[in-house]
Each structure stands twice: as structure tokens, then as C-alpha cells.
Amino acid sequence: MAVQALDAARLPIHWQKLALPAALIAVAYGLIPAYASSYLVEAILLPFLALSLAAVGLNLLTGYCGQLSLGSSAFMAVGAFAAYNFNLRVEGLPLAATMILAGISAAGIGVVFGLPSLRLRGFYLAVSTLAAQFFVQWALTKFGWFSNDNPSGVISAPHLTVAGFSLDSASGRYLLSVTTVIGLTAVVWRLVNSATGRNFIAVRDNETAARVIGVPVLRTKLLAFAISSFIIGVAGVLWAFTYLRTVEPAGFNLDRSFQILFIIIIGGLASIRGAFLGAAFIVVFPLFLSRLGAFVFGGLFDSGVLDMSQRIVLGALIIIFLIAEPNGLSALFDRLRRRIGSRSS
Amino acid sequence: MSYYDFLFAIEVLVGGLLSGVMYSLVAIGFVLIYKTSGVLNFAQGSMVLFAALTFVSLVERGIPFALSLLITFAVMVALGFTIERTVLRPLVNRSPMTLFMATLGLSYIIEGAAQLAWGTQVHGLDLGIDDTPFEVGGILISSFDLLAAGIAAAMVAGLSAFFYWTRIGLAFRAVADDQFAALAVGLRLTRIWGTVWTAAGFVALVAGLLWGARLGVQFSLSLIVLKALPVLVLGGFDSILGAIVGGLIVGASEKLAEVYLGPFVGGGIEGWFAYALALVVLLVRPSGLFGQKTIERV
């Protein structure tokens, strides 16, 4: 298997593995637009899709390439504000082009803040990605140009139209979001199964060994930063344009970066499916906890208590997952499927 | 530059150096843990919050100052050993990144628990220290800052003495040097880690009291972790001396930059200036000014 993998330029594709994604895509385009309530779409599916995409992007960098980043939400912010400005300042730019340009802007900033990775590793790099977090947030608040001179730096989503069709309704935004996420996820899926994806993993596992077998380590790292930031930037566009519709730079703070990191820890590092499972968990879990809290403690469970207990439970889950299931929900899911499979056969 | 401009610059510099000591105070807690267990403890900031909040809440409930201090210290001891038992021991031999992410989770738990137990309102903390500035050669110096610097110096001296002249300090150094060798000669690693986390808890308590008296005891106290990180990067994660010097450099340059550079870019640069400074230093010296050269160069 290993020899075969080295021989082929790309790893073999296991077509049977595509059955589940295909089913999910059918649900995403068939059942959900037809039956989902607008609450489900607006409050759960739209944040879920944007966060999933951001987590896919971060997973590429942290899970596959091993470069820990604490600045993801800065790249989301770059994407969102770049899209806003491209749309505002370039007359008649199609939505798809806006999103791609926003992603490229985020990729550019990502490469700049990825440059320290050429010299730094581990914690020193993680801390330096914090520089991106604080600098971007500061620049977006400080310079009015980015938000078209809005006094508090707030931007609002423009009208979303594709080929003359308006996508401003909840279902329209959902379709835009789901299409973007599926498209980019497919690209990432091909990427991690390609020679480049194997280079990412080689750099993560042992940089010196990777260099010895001829992996261009520096280029690979910068490429990981660029692609990851591109995807996170587009996720930022989705977050700002399809989910919140009105965002300020403070919405892309350090807590958001940690949230995306937690998604990939809980979902599973180096797993695309993990990004989706983790995002679903992070979105649904606060709703679940507030219902549970209200049910058990009644009126005592106010929003302050909810907020704190949410932090505690989330923190505890991170530690429990790291100890008991380092590969996250994704591995849990696999084990469950194997158990069900062995019972039925 | 006139004489008064010069005096003003000196005043800014001294103020910056003294506030830098406050950063060092937080950074030392990180260094203690990093040196002995190779863990970058992101929860240090929330430990500061936890200690300060516990202390203030006890004092507000009418418990005498000294007793509150003692109880808070006992709580920090319990916290240190609980963390060793429930988080570090199950994660032994895992990658440093995994441990770092675990301390991220830990900081969420400690922050949440501290505020769930003691509430989220802002508490004032009066240590009975006079904060009237006094004048030395035409420069105003805050007496509170000076006292804080004195306490920090005493703590560093105490910690250094502890590391060099006590048996357990020797054990700490052995563990920091080589964990396997330390185990082989029969040192109880688990107990040592518990003690180290307790020591870090003590540092957090001191930092929490001083910072709490400065800013009021509230959630934002845990964010001083973000002030301490560039200090650590600058000084090297494993050097107490580096934490001190890094703190001084960050404090002084941050204040000078805010005064002389800030007006040109619209101010508010203290959020990221220290990080930019740390990055520049790192590009020249990839393991900080005083860190051990263990980082592999690429």
C-alpha cells in the first residue's frame, strides 16, 4: 500500500467512500430547501456551513500540515472586508469573482503572516499568528476606508445576485453557502489526496525527514498558509454575507479563532469529515445546553450562568477529547460505523 | 529636543519599564511550568483571574486579609495538584501541541468556574498601597509601580534561591534538564509537576493581586495572558531572566511607541505592537533573547 501510494502521483480514490457524501449532497439540495424551516436555516445551517468551511481551511494548515494557527478569525475578517470592498468599489463584479478575490486577499495576508513559519516552529509560531489576529482587527477598526467610513467599522452585506437571480432570501443564501462549501471541500478533498497533500503530512510528521526525501519544505508551508487562508477567507465572506449580514471587526475576535480551533480538535485533526462534525457540534451544543439547563434548573439558569457553564463544559470536552479520543468525533463515528457494520454482516 | 521633552521621554520610559515589570510578573508563571514540563500553559491568565477573584470575594465576605491570602493559596495548591492529576497525567508523553491545546480548554474551565462561583461583576481591590506619584529629579514615578517592581524583584530572588539551594529546587532543575533521567534516579515526576503548578499558582496570586489593584478584579484580568505571550517569545520560554528582560523591553518600547509612533497611525497600537516587536526579534534570534537553542532551524 505504501509503495503503491508512493508510485502513483495521486492516491487511489475509493469510490465507495463517496456514497455517504453523495447522499448528504442529495439531502442538502433536495430535502433541506424543501422542508427546512427558516429558523433552522438562519440560526443553525448558515453558521454551521460557514464554520465548517473555516474549519476545513484551518484543518488543512493545522491538521494536515501541522502548523498551529491562533489567527483564523483574522483571515475570516480579511475575507469578509475584502469582499465588501470589492463589491462596493468595482462596478458590476459578479458574486463569484468577489468571493474569489476575497479569498485571494486572505491568502495574501495569510502568506505574509505565514512567513515567520519559515524560521519558527511550535509555540513560537502559534504566538506569532496571534500577531495577525490583533493587527488585522486593529487595522480594520482604525482605518475607515475598509468599512467605507462607517464610524464603528460595521459592514453590511450587499444584495447577493447570481446571473440575475436574487439570493437574498434565507433559502437563496443557503444555496449560495452550501454550493460554495461543497465546491471548496471537494477541492480540498482532492488536494489532501494528491502529492501536495502528502507533502503537507510529511512536513507535519517530520520536517527533517521530509526535506531529506525531497519535499520543498518552505514552499509547502507557505502553500498551506495560502490555501488555508483562502478557504478561511471565503468562509468569512459566507459568515458576513449569508449568516450575520452585518458584521464589525470585533466580531472576528480571538474567541472566534479559538472556536474554529476547538471545532477541529473536537471533530478530529486531519479529517475533512471532522471539520463538519465538529462545526455541527459547536453550533448545536449551546442550544442543547440552554434547553437542558432551563429544563433541569428552571429560572436559576439565566444567560450569565449559561455562558459560564458553556465555557466550562466546552473546556472540559476539549480536554476529554484530547485524552480519550485524540482523533475526535470523526474517529468515534468510524468506530460506531464499524460496530454497526460487524453486527449486520 | 528641549530639556522638558527629554524629561518627558525619560518619564515615559520609566513608566514603561515599571509596567513592563507587571508583564514579567505574569510571564514568570509561564516560565516555571514551561521549564519543568515543556507545557506552554495558556491557562496562566485564567489562574491569575481565579486567584484574584477568590481573594477579593473572601475579603468582601469579611475574612481578614492574611487569612484570605492563606485560603486562596490553599485553593491554588489544590488547583495545581488537581490539574496535574486530571489533565497532565493522562496526557503524559503526548506532543507539546496537544498539551497546549489542553491548557486552552483548561483556561475555559477555570475562567468559567471562577465567574460561576464568584459572579461576573467588577470588584475593586485595595491593597492599602499609596498610589501618589513622587518626583525624582523632575520625573514623576508611581509609587505603586515601584512597589510592584520591588515585589517582583523579591519574588524572582526568592524563586532563584529556591531553585538553587533547596532539594526540591534541585529536583525541578533535574526534571527540566532531562525527564527520563530524573525518573531513573527516582524523582517523583507527578509530585514535582503538582508542586510546579502550585508555584505557578502562587505567582498567579501575586500577579492577580497587583494587577487586580490596578485594573479592578474582573474578566479582563485573564486577558493579560495576551500581554505576557510576546514577553515570553521575546525572552525565550524557558528563562526567568528572559521573562524579566523581555517584560522590560516590551513595557518600555510599547509606551514609547504609543507616545511617539501612535499619533501617526491613529493610536491604539498597544494591542499588537508587542507582537510585532517580538516577531522582529524572533527573525534574528529564533528562540528569543535568552531561550535555549532547541528550536530546529529550518
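## Exercises on a predicted two-chain complex

Glu111(B) is buried, with a relative accessible area of 8% (buried is under 20% relative accessible area, exposed over 50%, partly exposed in between, with a 1.4 Å probe and protein chains only). This is a predicted model, where local features need pLDDT of at least 70 and side-chain atom pairs count only at pLDDT 80 or more, while totals for chains, interfaces and linings use all residues. Residues are numbered from 1 along each chain as its sequence is written, chains are lettered from A and ligands numbered from 1 in the order written, and side-chain values use heavy atoms, without hydrogens and water.

**Exercise 1. Find the salt-bridge partner of Glu111(B) and say what the pair joins.**

Step 1. Look for a salt bridge, meaning a side-chain nitrogen of Lys or Arg within 4 Å of a carboxyl oxygen of Asp or Glu. The side chain of Glu111(B) meets that of Arg311(A), at 2.7 Å from N to O.

Step 2. Place both ends. Arg311(A) sits in helix α13 (residues 303–324) of chain A and Glu111(B) in helix α4 of chain B, so this pair joins two chains. Helices here are DSSP runs (H or I, at least four residues; strands are E, at least two), numbered from the N terminus.

Step 3. Check burial. Arg311(A) has 13% relative accessibility, so this end counts as buried.

**Exercise 2. Describe the contact between chain B and chain A.**

Step 1. Count residues. Taking contact as heavy atoms within 4.5 Å, chain B brings 51 residues and chain A brings 44.

Step 2. Get the area. About 4,200 Å² is buried between the two chains, and carbon and sulfur atoms give 78% of that. Buried area is the accessible area (1.4 Å probe) that two parts lose on being put together, summed over both.

Step 3. Tally the polar side. Between chain B and chain A there is one salt bridge, and three residue pairs are in polar contact, both residues at pLDDT 80 or more. A polar contact is a pair of N or O atoms within 3.5 Å; within protein, one must be able to donate a hydrogen and the other to accept it, and residues adjacent in sequence count only if both atoms are side-chain atoms.

Step 4. See which elements of chain B take part. Those giving two or more residues to the side that touches chain A are α3 (65–88), α4 (96–118), α9 (224–235) and α12 (273–284). Of these, α4(B) gives the most, with 16 residues.

Step 5. Check confidence. The complex gets an ipTM of 0.86 and a pTM of 0.89 from the predictor.

**Exercise 3. Work out which parts the pair Glu207(A) and Lys221(A) ties together.**

Step 1. Get the distance. Their side chains form a salt bridge at 3.3 Å, N to O.

Step 2. Locate them. Glu207(A) is in helix α9 (residues 207–212) of chain A and Lys221(A) in helix α10 (residues 217–244), so the pair ties together parts 14 residues apart in sequence.

Step 3. Check burial: both Glu207(A) and Lys221(A) are buried.

**Exercise 4. Map the surroundings of Ser257(A).**

Step 1. Place Ser257(A): helix α11 (residues 254–267) of chain A.

Step 2. Check burial. Ser257(A) has a relative accessible area of 1%, so this residue is buried.

Step 3. Find a polar partner. Its side chain reaches the backbone nitrogen of Ser73(A) at 3.0 Å.

Step 4. List contacts. Leaving aside neighbours within four places in sequence, Ser257(A) touches residues including Leu70(A), Gly71(A) and Gln133(A).
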